[in-house]
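Here are my notes on the model, point by point. Please read them with the structure open.

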Amino acid sequence: MELHSSEDQIYHPTLAHSPANGETAISTSTSWLSPWLTPLAYFLGHHFLPLFFGQIRITGQENIPAKGPVILAPTHRARWDSLLLPYATGRCVTGRDLRFMVTISECQGLQGWFVRRLGGFPVDPQRPSITTLRHAVELLQRGEMLVIYPEGNIFRDGELHPLKSGIARLALTAESSHPDLGVKILPVSINYSHPYPEWGTDVSIHIGSAIKVADYINGSVKQDAKRLTVDLANALKELSHHESIITAHTFAEMPNL
């Protein structure tokens with residue numbers, strides 16, 4: 001998911017409270033969790049994914065905050081990411097449900113019907129509306145777990161691509177609008193043994209240490225967002241490097257046939 005907008009639009013302490021350009025305050029009905037579909041989806045995912053994939057290796061689950069506002073910032077390697085993230089960090093592990101900021105195209109048709117009832121809400125990547133951003137801030141103020149893909153798109157080359165600054169600005173906005181809110185960003189590296197995952201593909205999910213957004217508020221909008229984005233990128237690179245070491249070690253231990 002990619003966010004494009006001006007600095008003043010994204011990073012403003014009163015964004016979550018004051019209407020802009022005649023818009024009314026955001027309603028919590030913009031996204032919701034169906035009381036029957038959500039637990040069913042988690043149940044099916046918990047039992048189906050291990051059957052579809054080969055080995056699913058997950059590390060760092062102890063880094064997931066038990067409560068409070070969290071932005072999961074995963075690498076984006078396949079559409080399967082949005083099913084594996086709840087499997088690795090959702091209600092079966094933490095008792096918490098995930099919210100997803102997704103592109104408008106993903107909220108259309110039958111897929112959109114499911115997405116909206118499983119906590120997803122749309123954003124126009126080219127022109128994110130104030131209403132959408134307010135809703136994202138509101139979710140964080142309520143202590144929810146929000147998923148935003150900082151690379152913006154799916155990349156299958158296994159390399160970390162430049163991060164969009166929107167995720168940092170959104171996090172800073174939420175923290176600035178509510179002192180001591182305690183927003184955290186959780187870097188997550190997702191990798192597959194095949195660039196186009198299929199039956200039997202191995203998956204590795206590494207969850208890094210939480211980044212405290214409050215530590216980056218120093219009064220300079222551009223610099224605060226830049227530092228946070230750089231540190232998030234470094235954390236994701238470190239997780240990817242960790243995966244490379246594990247993979248190399250695994251192959252080294254395999255006996256010669």
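What percentage of the 257 residues in the protein chain is buried? Buried residues come to 47% of the chain. Keep in mind that this is a predicted model.

1. **Overall make-up.** The protein chain holds eight helices and eight strands. Its accessible surface is about 12,500 Å². Carbon and sulfur atoms account for 56% of that surface. Take the contacts in the chain with a separation of 6 or more: 77% of them link residues 24 or more positions apart.

2. **Strand S7.** This strand spans residues 203-207. Five of its five residues are buried, so S7 is mostly covered under the 20% cut-off for relative accessible area. The cover applies to both faces. Val-203, Ile-205 and Ile-207 are buried on one side. Ser-204 and His-206 are buried on the other.

3. **Neighbours of S7.** Two pairings are worth tracing. Strand S1 (residues 56-59) pairs with S7 in the parallel sense, over four bridges. Here Ile-56 stands opposite Val-203. Strand S6 (residues 184-192) runs antiparallel to S7, and five bridges join the two. Within this pairing, Ile-205 is the bridge partner of Ile-190.

4. **His-206.** This residue lies in strand S7. Is His-206 buried or exposed? His-206 counts as buried because its relative accessibility is 1%, against a cut-off of 20%. Its side chain has a polar contact with the side chain of Thr-59, at 2.5 Å.

5. **Val-188.** Move to strand S6, where Val-188 lies. Val-188 has 0% relative accessibility and therefore counts as buried. Which residues does Val-188 touch, leaving out those up to four places away in sequence? The list includes Ile-205, His-206 and Ile-207, and S7 covers residues 203-207. Val-188 also touches Leu-72, Ala-73, Pro-74, Thr-75 and Leu-85. Leu-236 and Leu-239 are further contacts of Val-188. As for Tyr-149, it is 39 residues from Val-188 in sequence, and the C-alpha atoms of the two are 9.8 Å apart.

6. **Nonpolar surface patch.** Which residues form the nonpolar patch on the surface? They are Trp-36, Leu-40, Phe-43, Leu-44, Leu-110, Trp-113 and Phe-114. Together they have about 740 Å² of accessible area. Helix H2 (37-52) and helix H5 (109-117) are the elements that give two or more residues to the patch. Phe-114 lies in helix H5. Phe-114 is classed as partly exposed because its relative accessible area is 36%, and that class runs between 20% and 50%.

7. **The Glu-151 and Arg-77 salt bridge.** The structure holds five salt bridges. One of them joins Glu-151 to Arg-77, with the closest N and O atoms 3.0 Å apart. What does this pair tie together? Glu-151 lies in the loop between strand S5 (145-147) and helix H7 (166-177). Arg-77 lies in the loop between strand S2 (70-74) and helix H3 (81-89). The pair therefore ties together parts that are 74 residues apart in sequence. Glu-151 is buried, at 2% relative accessibility. Arg-77 is buried as well, with a relative accessible area of 5%.

8. **The salt-bridge network.** Start at Arg-142. Glu-138 forms a salt bridge with Arg-142, with 3.6 Å between the closest N and O atoms. The side chain of Glu-144 also meets that of Arg-142 in a salt bridge, at 3.3 Å from N to O. Which residues are joined into one network by salt bridges that share partners? They are Arg-99, Glu-138, Arg-142 and Glu-144.

9. **Burial within the network.** Arg-142 is partly exposed, at 40% relative accessible area. Glu-138 is buried, with a value of 16%. Glu-144 counts as buried at 17% relative accessibility. Both acidic residues are classed this way because buried means under 20% relative accessible area.

Definitions and conventions
Residues are numbered from 1 along each chain as its sequence is written. This is a predicted model: local features need pLDDT of at least 70, side-chain atom pairs count only at pLDDT 80 or more; totals for chains, interfaces and linings use all residues. Side-chain values use heavy atoms; hydrogens and water are left out. Buried means under 20% relative accessible area, exposed over 50%, partly exposed in between (1.4 Å probe, protein chains only). Two strands pair if DSSP finds at least two bridges between them. A polar contact is a pair of N or O atoms within 3.5 Å; within protein, one must be able to donate a hydrogen and the other to accept it, and residues adjacent in sequence count only if both atoms are side-chain atoms. Contact means heavy atoms within 4.5 Å. Accessible areas come from the Shrake-Rupley method with a 1.4 Å probe; for residues, only the protein chains shown count as cover. Patches are made of residues with over 30% relative accessible area and no salt bridge: like charges are joined within 9 Å, nonpolar side chains (Val, Leu, Ile, Met, Phe, Trp, Tyr) within 5 Å. A salt bridge is a side-chain nitrogen of Lys or Arg within 4 Å of a carboxyl oxygen of Asp or Glu.
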